[in-house]
Amino acid sequence: MAEPRSVQASEPPVMHPVPVAGPVTMLSYNVEGLPWPLTHGRTAAAAAIAAELRALHARGTGPQVVAVQEAFGDAQKAIGVTAGYRYAAFGPSAAMPGAPAATPSEAAFLQGASFWHGETEAPREDSGLAVFSDYPIVWAHRIAYPRFACAGYDCLANKGVLAVALRIPGRTAPLIVIDTHLNARAASGVDDARSLYAYRRQVDVLRQFVAALAGSGSPVVLAGDFNVGNDMERQAYLSTALFGDDAMTLAASESSCGDTCRVIAPVPTPARAKTMVAYRGTIAPEGRTLRFGTLPDGTQLSDHVGVMRAFAFRT
């Protein structure tokens, strides 16, 4: 399998303590790392995110594993080492190919690609996915979503899936963490029918990817920005594909409560969801879901809310 970026081990300037056996705390966070001129001030925001993670670890409450989305720039990719994490893995590069069209509907979708909405161009950015870990990364697997599974401006980034296996103290089987970022709806710039087609194809690919890894017998945590929003068709398709019987169980979700309002859902649900964390296998969530990315003065470090959840291993 292609490795556009090798797994990285480093010695950060301020390293976290070596983790011991016990629950694993997971943070999923869209760090709003779109390049200028789409956003501005994100280099400083990335440094602030890293500082906040360092501060949490200094208090003994930091997440041992962080899955981020929109880590497009060097500043966002450096959040892990700056925050004190020893290990990092990154998602598909801009050049990593996805699967070719295999059905008439997939070919027809490609034929309808719009130059004006970035669908005919090769990806300009990588996937923006990264996983930072206090635990050693045993392996990393990546896939890019096919070109018939992207719509609008989202095609300018090579969205896909990143999976890592983590060596957990006291456990024989690794913990598998999967990170993804699905196609936007309104922000894609194309009509809802086109973005929905791409969204469904991405979910199909993700479902197969998750099922293959879950079949190994290792516990699996799935995190990412699922871009459900208020779209009932997206919610229904995602729920059936990923959260049906004998599939993933939702542990936490970030919910939209307005154009710029984000809250942690009291009960995890795909409804109005952006960031979600789900699990499968010999683990179970414990405690309550915590919010990340809001400073004491109310400043938001991203246009999303980080979702942090602890998981305990079952014997």
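Let's start with the largest cavity, which is lined by Y145, P146, R147, A149, C150, D154, A157, N158, K159 and Q202. Please keep in mind that we are looking at a predicted model. About 50 Å³ of space lies inside this cavity, and the search comes to 1 cavity of 30 Å³ or more. If you sort the lining by class, you get 5 nonpolar, 2 polar and 3 charged residues.

One name in that lining leads us to the next stop: C150. Which residue does C150 pair with in a disulfide? The partner is C155, and the two sulfur atoms are 2.1 Å apart. For those of you who like the geometry, the angle about the S-S bond is 105 degrees, and the link is right-handed. C150 and C155 are both buried. Searching the whole structure turns up 1 disulfide, so the count is settled by the pair we have just met, C150 and C155.

Now for the pockets. I'd like to show you the second largest one, with a volume of about 210 Å³. Its lining is made up of 15 residues, and those nearest its centre are P19, H57, G60, G62 and Q64. What is the make-up of the lining of the second largest pocket by class? The answer is 6 nonpolar, 8 polar and 1 charged.

On to the interior. As a bit of background, nonpolar side chains in soluble globular proteins tend to be buried together. In our model, the largest nonpolar core has 34 residues, and the members that touch the most others are I178, L206, L222, F226, L238, F243 and M276. Which elements give two or more residues to this core? They are the strands β7 (160-166), β8 (175-181), β9 (220-225) and β12 (273-280), together with the helices α5 (192-214) and α6 (232-242). Helix α5 gives the largest share, with 10 residues.

Let me pick out L238 from that core. Setting aside residues up to four places away in sequence, L238 touches L182, Y199, V203, F226, V228, F243 and M276. There is also another core, apart from this one, with 28 residues, including L129, V131, L175 and F313.

Next, an arginine to look at on your screen. R234 sits in helix α6. Is R234 buried or exposed? R234 counts as buried, because its relative accessibility is 0%. Beyond its neighbours within four places in sequence, R234 is in contact with N183, A184, R185, S195, L196, Y199, N227 and V228. Take Y199 from that list: R234 and Y199 are 35 residues apart in sequence, while their C-alpha atoms are 7.6 Å apart in space. Y199 and V228 may sound familiar, as L238 touches both of them too.

Another contact of R234 deserves a moment of its own, and that is N227. N227 lies in the loop between β9 and α6. It is not a glycine, yet N227 has a positive phi of about 50 degrees. With a relative accessible area of 9%, N227 is buried.

There is a second residue to mention under that heading. E70 is not a glycine either, and its phi is positive, at about 65 degrees. You will find E70 in the loop between β3 (65-69) and α2 (74-77). Its relative accessible area is 9%, and the cut-off for buried is under 20%, so E70 counts as buried.

Finally, let's visit the loop between β13 (283-292) and β14 (306-313), where V305 has its place. V305 is buried, with a relative accessible area of 1%. Leaving out neighbours within four places in sequence, V305 is in contact with S28, Y29, E254, R262, I264, T275, R291 and F292. As for a longer view, V305 and T180 are 125 residues apart in sequence and 16 Å apart in space, C-alpha to C-alpha.

G293 lies in the loop between β13 and β14 as well. How accessible is G293? Its relative accessibility is 4%, so G293 counts as buried. With neighbours within four places left aside, the contacts of G293 are Y29, T299, Q300 and L301. Y29 is also on the contact list of V305. Along the chain, G293 and V24 are 269 residues apart, and 19 Å separates their C-alpha atoms.

That's the tour, and I'm happy to go back to any of these places with you.

Notes
Residues numbered from 1 in each chain as written. Predicted model: local features only at pLDDT ≥ 70, side-chain atom pairs only at ≥ 80, totals over all residues. Heavy atoms only, no water. 1 Å grid on protein atoms, 1.4 Å probe; cavity = no way out; pocket = protein on both sides within 12 Å on 5 of 7 lines; lining within 4 Å. Points joined across faces, edges and corners; volume = space filled by probe spheres on them. Nonpolar A, V, L, I, M, F, W, Y, C, P; charged D, E, K, R; others polar. Core = buried A, V, L, I, M, F, W, Y, C linked by side-chain atoms within 4.5 Å. Buried < 20%, exposed > 50% of the residue type's maximum accessible area, 1.4 Å probe, protein only. Helix = DSSP H or I, 4+ residues; strand = E, 2+ residues; numbered from the N terminus. Contact = heavy atoms within 4.5 Å. Disulfide = S-S within 2.5 Å.
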